[in-house]
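Here are my notes on the model you sent round. Please read them with the structure open.

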Amino acid sequence: MVRDVAVIAFAQMKNVRRETSLNEVEMLMPVIQEVRAKAGLTQQEIGFTCSGSTDYLSGQAFSFVSTLDGVGPWPPIQESHVEMDGAWALYEAWVKLQLGELDTALVYCYGKSAPGPIHEVLSRQLDPYHVAPLWPDAISLAALQARAYLESGKASEADFAEVATRSRRNAQSNPNAQLAWDRSIEEHLASPLVVDPLRRDDCPPITDGASAVILAADDRARALRERPAWIRGIAHQIEPMALGVRDLTTSVSTVGAAERAGAGGDYDVVELHAPFSPQELIVADSLGLRDHANTNPSGGALAANPIMVAGLTRIGEVAQRIMDGEATRGLAHATSGPCLQQNLVTVLEGEA
């Protein structure tokens, strides 16, 4: 039996290129206060707290411990942390609630990508013997995947341009987006290449940001929220570290995660965590959603891509639309690792 668990509150900070006046704790505090206020809960009423971040961004081991100051861990709380995007912290909290011992959980995540060379830092997640010593940056690896996708005949550069221009256009209605504008596909294709075949607007912005959600189970969720966003399915799957043994033109782990999450059918809203425009097409193909009419209405990761935050934000964006009554059923996707190595799929629904 799977216990019913729902997102009952979501909050995020305004995504920015570089946050110079606030540290991670100061970034988190207003977000956590807002999400608790939306849920009508104090920290003492929350049974479990789980965070997602990476110490590589701060350059300090166990840096996540200091951010508990933004939560208020006294009296002592049940707390955990994952060195992953906050979407995986949500997965851990969901599993914790399945045990039946607790009814509520706070999930938060944060990332300051601006202080260091983020595209080089991300090379540290590669095979440490054969690939990482070459220091390939994240954009070059994404370009490698994009080139393979083009050569497969599954997409064209105009398809990449459509994703990029649509995402930034959608972001104009998102007050928390970092990049938003309205340009044509022709303007995009006329811009210079950064790493062939990717242009600048095919790539995500460097972003500092934070977000948080609160989960509640069963009748506790119904008591705290008039229209909870129920998690009807959630699963994640990972592929091999070695890029040479993977088919980069598809996402096997997305397919597997979607099957285990029970994804399928119609969705009112879809949020895909695709930092590079070709990756949205690859994920959408893997989910059978290539032509979905309402994909990334928030602008997605091309509008704001805070490392360790963008995945949880995709879940939060879908949940918020369900809680607001704008959607009844939605799908959220999160990714981690080079070239879509690990993927998480969440199906959310509102009650009729």
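**Notes on the model**

1. Start at A301. Leaving aside its neighbours within four places in sequence, A301 is in contact with P204, P205, H273, A274, P275 and R314. This is a predicted model. A301 sits in the loop between α10 and α11. With a relative accessible area of 1%, A301 is buried, because buried means under 20%. One of the contact partners, P275, is 26 residues away along the chain, yet the C-alpha atoms of A301 and P275 are separated by 5.0 Å.

2. Now set S156 against that. S156 belongs to the loop between α5 and α6. Its relative accessibility is 31%, so S156 counts as partly exposed. S156 and E271 are 115 residues apart along the chain, and 22 Å separates their C-alpha atoms.

3. Next, the overall build. The protein has 11 helices and 11 strands. Its radius of gyration is 19 Å, and the globule rule gives 20 Å for 352 residues; the two are close, so the protein is as compact as a globular protein of that length. The C-alpha trace spans about 55 × 45 × 40 Å along the principal axes.

4. Burial and surface come next. Of the 352 residues, 59% are buried. The accessible surface is about 14,100 Å². Carbon and sulfur atoms account for 52% of that surface.

5. How much of the contact set comes from residues 24 or more positions apart? Among contacts with a separation of 6 or more, the share is 79%.

6. One helix pair deserves a look. Two packed helices are described by the angle between their axes and the distance between the axes. For helix α3 (residues 86-98) and helix α11 (residues 310-323), the angle is about 65° and the axes are 5 Å apart. On the α3 side, G86, A87 and L90 make the contact. On the α11 side, the contact residues are G311, L312 and I315. By class, four of the residues in this contact are nonpolar, two are polar and none is charged.

7. Check helix α6 (residues 157-170) for length. At 1.5 Å a residue, its 14 residues should span 20 Å. The end C-alpha atoms are 20 Å apart, so the model agrees with the expected span. The buried residues of α6 are F160, A161, V163, A164, T165, R166, S167 and R168. Note that R166 and R168 are on that list. Cover for the buried residues of α6 includes α5 (138-151), α7 (185-190) and α10.

8. Helix α9 (residues 252-261) has its own buried set: S253, T254, G256, A257, A258 and A261. Which elements cover these residues of α9? They include the strands β8 (229-238), β10 (329-336) and β11 (342-349), along with helix α10 (277-287). G262 follows α9, and its phi is positive, near 75°.

9. Two backbone features need checking by eye. Most residues other than glycine have a negative phi, and most peptide bonds are trans. The next two points list the departures.

10. First, the cis peptide bonds. W74 and P75 are joined by one, with omega about 0°. P75 is in the loop between α2 (55-58) and β3 (79-82). D196 and P197 are also joined by a cis peptide bond, with omega about 10°. P197 lies in the loop between β5 (193-195) and β6 (198-199).

11. Then the positive phi values. C339 is a residue other than glycine, and its phi is near 55°. L340 is likewise not a glycine, with a positive phi near 60°. C339 is located in the loop between β10 and β11, and L340 is in the loop between β10 and β11 too. Are these residues buried or exposed? C339 is buried, with a relative accessible area of 5%. L340 is buried as well, at 2%.

Notes. Residues numbered from 1 in each chain as written. Predicted model: local features only at pLDDT ≥ 70, side-chain atom pairs only at ≥ 80, totals over all residues. Heavy atoms only, no water. Axes fitted to C-alpha atoms, helices over the stretch in contact; angles between N-to-C directions. Helix = DSSP H or I, 4+ residues; strand = E, 2+ residues; numbered from the N terminus. Contact = heavy atoms within 4.5 Å. Nonpolar A, V, L, I, M, F, W, Y, C, P; charged D, E, K, R; others polar. Rg over C-alpha atoms; globule rule 2.2 N^0.38 Å. Buried < 20%, exposed > 50% of the residue type's maximum accessible area, 1.4 Å probe, protein only. Areas by Shrake-Rupley, 256 points an atom, 1.4 Å probe, with all protein chains shown as cover. Expected span 1.5 Å × (residues − 1).
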